[in-house]
Amino acid sequence: MPPLTSPRRSALADQVIAQLRAQITSGEWPVGSRIPTEPELVEQLGVARNTVREAVRALAHNGLLDIRQGSGTYVVATSELAGVMNRRFAAAEPGHVAELRSALEAAAARLAARRRTDQDLRQIDTLLERRERAWESGAAEAFVEADATLHMAIVSASHNEVLAEIYADLGGVLRDFLRADVGEELRPEAHMDHSRLVEAIRSGDGDRAAAEASTHPFGCRAGVLEGSVEG
């Protein structure tokens, strides 16, 4: 049996990468947050600065982190697939993204109307109220996050794990396009009432839930909606 040896730097870096990834995927470091500085990570992990740097660069290469000179390192995705999607679809046609979101959310709403639990409904009701409060506050970024969180809860209520994971991995892309649609200032004409969608899910009306969900992604894009109807 060969003697034990000290871990190679690459193996140690892999361990650090796994720990940092776990902080991201668990939500401890949510998307948009700045991670601890390099010296702080060195102290917390008890490894060399070069090892931390290697791990952070690897996660940045995989699309989970964004290293911004002079500002810090930020979480931009919760998985490698989400990172790939963020890069791949960053310049996609907004109307195409709206069409994709419409298809996914309509399918999820239809399933949620059949499969939602009482706990799902309580969560959705809470998030609907949070969305409305965010809108009333006039804070565009808070509204984007509240709206995205509500839709993720509805997708989760479909109890289709594959659909939920795909939607979650697209979350960064969908938020970016919603952010662009909403703009820096909330406009009254951009508000979409989601109470009818929630009530359709509550009553178990899959067709109505799907119909409501399918139109919401076009709420801030009236021109896209008109084009889809005409087509």
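**A small cavity, a hairpin and an open pocket**

Six nonpolar residues, one polar residue and one charged residue make up the lining of the second largest cavity. The model behind this picture is a predicted one. That cavity has a volume of about 50 Å³, and the structure holds two cavities of 30 Å³ or more. As for who does the lining, the residues are E105, A108, A109, H151, I154, V155, L197 and A213. Two helices, α5 (94-115) and α7 (140-156), supply at least two of these residues each. On the general idea behind such a search, rolling a probe the size of a water molecule over the atoms shows where empty space is left.

Stepping back to the overall layout, the protein has twelve helices and two strands. Read from the N terminus on, the order of elements is α-α-α-β-β-α-α-α-α-α-α-α-α-α, with the two strands following three helices. Along the principal axes, the C-alpha atoms fill a box of roughly 70 × 40 × 35 Å.

The strands come next. Strand β1 (residues 65-68) pairs with strand β2 (residues 72-75) in the antiparallel sense, and the pairing runs over four bridges. Looking along the ladder, L65 stands opposite V75 in β2, while R68 stands opposite G72 in β2. Together β1 and β2 form a hairpin that has three residues between its strands. In that turn, G70 has a positive phi of about 80 degrees. As a general point on side chains, those of a regular strand alternate between the two faces of the sheet.

Then there is the open space. The largest pocket has a volume of about 470 Å³, and 27 residues line this pocket. Nearest its centre lie V31, T78, A168, G171 and R175. Two or more lining residues apiece come from α1 (9-25), α4 (80-89), α5, α7, α8 (161-169) and α9 (171-182). Of these, α9 gives the largest share of the lining, with five residues. By chemical class, the pocket lining divides into 13 nonpolar, eight polar and six charged residues. Two of the helices named here, α5 and α7, also turn up in the lining of the second largest cavity, where each supplies at least two residues.

On to how the helices pack. α5 and α9 have axes 11 Å apart and pack at an angle of about 125 degrees, and these two helices are therefore oblique to each other. The handedness of the crossing in which α5 passes α9 is left-handed. Further along the chain, helix α10 (residues 195-203) and helix α11 (residues 206-215) have axes that come within 8 Å and cross at roughly 160 degrees. An angle over 145 degrees counts as roughly antiparallel, so α10 is roughly antiparallel to α11. The crossing of α10 and α11 is left-handed too. As for a link back to the cavity, L197 and A213 are among the residues that line the second largest cavity, and the residue ranges place L197 in α10 and A213 in α11.

Methods
Residues are numbered from 1 along each chain as its sequence is written. Side-chain values use heavy atoms; hydrogens and water are left out. On a 1 Å grid over the protein atoms alone, a cavity is a set of points where a 1.4 Å probe fits but cannot get out, and a pocket is an open set with protein on both sides within 12 Å along at least five of seven lines; lining residues have an atom within 4 Å of a point. Grid points are joined across faces, edges and corners, and a volume is the space filled by probe spheres set on the points. Ala, Val, Leu, Ile, Met, Phe, Trp, Tyr, Cys and Pro count as nonpolar, Asp, Glu, Lys and Arg as charged, and the others, Gly among them, as polar. Two strands pair if DSSP finds at least two bridges between them. Axes are lines fitted to C-alpha atoms, for helices over the stretch in contact, and angles run from 0 to 180 degrees between N-to-C directions. Angles under 35 degrees count as roughly parallel, over 145 as roughly antiparallel, 65 to 115 as roughly perpendicular and the rest as oblique. A crossing is left-handed if the near helix is turned anticlockwise from the far one by less than a right angle, and right-handed if clockwise.
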